Amino acid sequence: MRNSSEKVIVVKDLSVKFGDVEVLKDVSFEIPKGSFTGIIGPNGAGKSTLLKAILGFIDYEGMIVLNGTVGYVPQLSSFNREFPMNVYDFVRLPIRKEKNWKEKVDELLKEVGLERFGQKLVGTLSGGEFQRASLARALISKPDILILDEPEAGIDEMGKAKFYELLSKLKEEDHITILMVSHDIGLIFEKCDNVMCLNKAIHCHRPTEAMKIEDLKRTFGEFDIWIRSDDHYEVEHEKYEHSRHPEATNDRKKRDENGYNK
Ligand SMILES: Nc1ncnc2c1ncn2[C@@H]1O[C@H](COP(=O)(O)OP(=O)(O)OP(=O)(O)O)[C@@H](O)[C@H]1O
Ligand SMILES: [Mg+2]
């Protein structure tokens, strides 16, 4: 039986330096099995660095424990797509020695909406198509943990919805643990069980419903954050309404009566 309290990633006092510059400082968290965690934070906050440390690609101080196999979808710009390789070969790389690879690759290409793209050169794919091919490649060896770095970048709105649907399905049906960096804060709040705010030494990690606007402000500074997710949008909305209309209330029902939602 699946033990939901099992931790598949444990990070303790993680610090990463590039030369003299400390990019991450004393970051600690645990990721429960089967959870979907979204990581948010501004550019340069150390999000990709955190993922690379977890994957063992860079040196770090502290402790990282991984319990399971990992599939990784890197940030788009970090790939050299100029190599002459078609989608079939790109996706089957992790299982290239298996005999029945074609069946598996075809099945996955269908799942990510690229069923007729097998023979196409990777370098000729659009940004969104390439991201989907990357997801197929990350999934081909049936990992326990899926780590994604801005996977939806370049995917159009319809494609994005499908992409997130697929991630939700992987979580619900295949019980894959997902750790995903994204700048789409609204979608993170909608789809993830846990949210991690990261900005170098600033770090908080909570169940999505416990995340506070103050956590976001600390992470992003004093920028205005526009969040699509209903509850969190309301927090910002309230503040705005309060500044304009001191009689505005936090009570949604009363606010309807006062006509603030019109
Ligand atoms: N290999 C490296 N050598 C030196 N500095 C690096 C290296 N990799 C990243 N950095 C620096 O570390 C900081 C964090 O980078 P990182 O790529 O982790 O940010 P990020 O949060 O993923 O940002 P983005 O949202 O733009 O992807 C940045 O200031 C970046 O310039
Ligand atoms: Mg990044």
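Biologist: How many bridges join strand β8 to β9, and which way do the two run?

Modeller: Start with the general idea: strands of a sheet pair through backbone hydrogen bonds, either parallel or antiparallel. In this predicted model, β8 (residues 194-199) and β9 are joined by six bridges and run antiparallel. For one pair you can find yourself, look at Cys197: its bridge partner in β9 is Cys204.

Biologist: What is the order of strands in the sheet that holds those two?

Modeller: Read across it and you get β5-β6-β7-β3-β8-β9, an open sheet of six strands with mixed pairing. At the edges are β5 (70-73) and β9 (202-207), each pairing on one side only. On average, neighbouring strands here are turned by 15 degrees against each other, direction ignored.

Biologist: Which strands does helix α1 lie across?

Modeller: Helix α1 (residues 47-55) crosses β3 (36-40), β5, β6, β7 and β8, and it runs at about 150 degrees to β6. Helix α4 (residues 127-139) lies across β5 and β6, at about 170 degrees to β5.

Biologist: Okay, now the three-strand sheet. Why is one side of β2 and of β4 left without a neighbour?

Modeller: That sheet is open too, ordered β2-β1-β4, with antiparallel pairing. Since β2 (21-32) and β4 (61-66) stand at its edges, each has a single partner strand, so one side of each has no neighbour in the sheet. The twist averages 15 degrees from one strand to the next. Between β1 (residues 7-18) and β4 there are five bridges, and Ile9 stands opposite Leu66 in β4.

Biologist: Let's try a helix. Which residues of α5 are buried?

Modeller: Phe163, Tyr164, Leu167 and Leu170. They cover an arc of only 110 degrees around the axis, which puts them on the same side of α5. Glu157, Met158, Glu165, Lys169, Glu172 and Glu173 are exposed on the other side. As for what the buried ones pack against, that's β6 (145-149), β7 (177-181) and α6. The helix itself has 18 residues and reaches 25 Å from its first C-alpha to its last, close to the 26 Å expected. Just after α5, His175 takes a positive phi of about 55 degrees.

Biologist: And in α6, why does Leu187 count as partly exposed?

Modeller: You count C-beta neighbours: Leu187 has 19 inside 10 Å, so it's partly exposed, because buried takes 20 or more. Leu187 is found in helix α6 (residues 185-191). Leaving aside neighbours within four places in sequence, Leu187 is in contact with Tyr164 and Ser182.

Methods. Residues numbered from 1 in each chain as written. Chains lettered and ligands numbered in written order. Predicted model: local features only at pLDDT ≥ 70, side-chain atom pairs only at ≥ 80, totals over all residues. Helix = DSSP H or I, 4+ residues; strand = E, 2+ residues; numbered from the N terminus. Buried ≥ 20, exposed ≤ 12 C-beta atoms within 10 Å, placed from the backbone. Contact = placed C-beta atoms within 7 Å. Expected span 1.5 Å × (residues − 1). Arc of directions from axis to C-beta. Pairing = 2+ DSSP bridges. Axes fitted to C-alpha atoms, helices over the stretch in contact; angles between N-to-C directions.
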